[in-house]
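Biologist: I'm new to this one, so could you walk me through it slowly?

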Amino acid sequence: QVQLQESGPGLVKPSQTLSLTCTVSGGSITTGYYYWTWIRQPPGKGLEWVGAIHNDGSTYYSPSLKSHTSISRDTSKNQFSLQLTSVTPEDTAVYYCARGLYSGSYYYDYWGQGTQVTVSS
């Protein structure tokens, strides 16, 4: 059973950097054909795909967020991380990490519980 757990500060000031980590257990982030993904949901809105890192280390970003988003991984800790620079209140959301894969179609088979991040001074 794969489990994902997000961690990071719940409050970030505008213009600062939001940093979140997803710790994965029950499976390696370097094996298989998975996309280790960050997804967010702003209040009152739908899910928004932020970006992903493939098990081969390739990264993919939402075009609208690419200029201030970075996803990395620490294979020794089986973790992957999100950094969002120069945040604004519009980056306030529940942030989820998830495992994505293709099997006929693309879907997410495991999710973290989500972590609330508020951008406010």
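**A first walk through the model**

Modeller: Let me start with one residue, keeping in mind that this is a predicted model: His-68 is found in the loop between strands E6 and E7, the latter spanning 69–74.

Biologist: Is His-68 buried or exposed?

Modeller: His-68 counts as buried, because its relative accessibility is 17% and the cut-off for buried is under 20%.

Biologist: And what does His-68 touch further along the chain?

Modeller: Leaving out residues up to four places away in sequence, His-68 touches Gln-83, Leu-84, Thr-85, Ser-86 and Asp-91. With Thr-85 there is also a polar approach, in which a polar atom of the His-68 side chain lies 2.6 Å from the backbone oxygen of Thr-85.

Biologist: OK, switching topic. Which residues touch the most other members in the largest nonpolar core?

Modeller: That core has 23 residues, and the ones that touch the most other members are Leu-4, Leu-18, Val-24, Trp-38, Phe-80, Leu-82 and Tyr-95. Two or more residues each come from strands E3 (18–25), E4 (35–41), E5 (48–54), E8 (79–84), E9 (93–103) and E11 (115–119). The largest share belongs to E3, which gives 4 residues.

Biologist: Why would such residues sit together at all?

Modeller: As a general tendency, nonpolar side chains in soluble globular proteins are buried together.

Biologist: Take Leu-4, then. What is Leu-4 in contact with?

Modeller: Not counting neighbours within four places in sequence, the contacts of Leu-4 include Cys-22, Val-24, Trp-36, Phe-80 and Cys-97, and also Tyr-110, Trp-111 and Gly-112.

Biologist: Where is that Gly-112?

Modeller: Gly-112 is in the loop between strand E10 (105–111) and E11, and Gly-112 is buried, with a relative accessible area of 9%. Apart from residues up to four places away in sequence, Gly-112 touches Leu-4, Glu-6, Tyr-96 and Cys-97. Gly-112 and Gln-3 are 109 residues apart in sequence, and yet their C-alpha atoms are 7.0 Å apart in space.

Biologist: You've mentioned two cysteines. How many disulfides does the count come to?

Modeller: The count comes to 1 disulfide, and it joins Cys-22 to Cys-97 with an S to S distance of 2.1 Å. Because Cys-22 lies in strand E3 and Cys-97 in strand E9, the pair ties together parts that are 75 residues apart in sequence.

Biologist: Which hand does the disulfide have, and why?

Modeller: The torsion about the S-S bond is about 65°, so the disulfide is right-handed. Cys-22 is buried at a relative accessible area of 0%, and Cys-97 counts as buried at 0% relative accessibility.

Biologist: Back to E9 for a moment: in what sense do E9 and E10 pair?

Modeller: E9 and E10 pair in the antiparallel sense over 6 bridges, and one of the bridge partners is Tyr-107 in E10, which is matched with Leu-101. The hairpin of E9 and E10 has 1 residue between the strands, and in this hairpin Gly-104 takes a positive phi near 85°.

Biologist: One last spot. What does Asn-55 touch?

Modeller: Asn-55 is in the loop between E5 and strand E6 (59–61), where Asn-55 is buried with a relative accessible area of 11%. Leaving aside residues up to four places away in sequence, Asn-55 touches Ile-29, Thr-30, Thr-31, Gly-32, Tyr-33, Tyr-34, Trp-36 and Arg-73. A polar contact of 3.2 Å also joins the side chains of Asn-55 and His-54.

Notes: Residues are numbered from 1 along each chain as its sequence is written. This is a predicted model: local features need pLDDT of at least 70, side-chain atom pairs count only at pLDDT 80 or more; totals for chains, interfaces and linings use all residues. Side-chain values use heavy atoms; hydrogens and water are left out. A nonpolar core is a set of buried Ala, Val, Leu, Ile, Met, Phe, Trp, Tyr and Cys residues joined through side-chain atoms within 4.5 Å. Buried means under 20% relative accessible area, exposed over 50%, partly exposed in between (1.4 Å probe, protein chains only). Contact means heavy atoms within 4.5 Å. A disulfide is a pair of cysteine sulfur atoms within 2.5 Å. Two strands pair if DSSP finds at least two bridges between them. A polar contact is a pair of N or O atoms within 3.5 Å; within protein, one must be able to donate a hydrogen and the other to accept it, and residues adjacent in sequence count only if both atoms are side-chain atoms.
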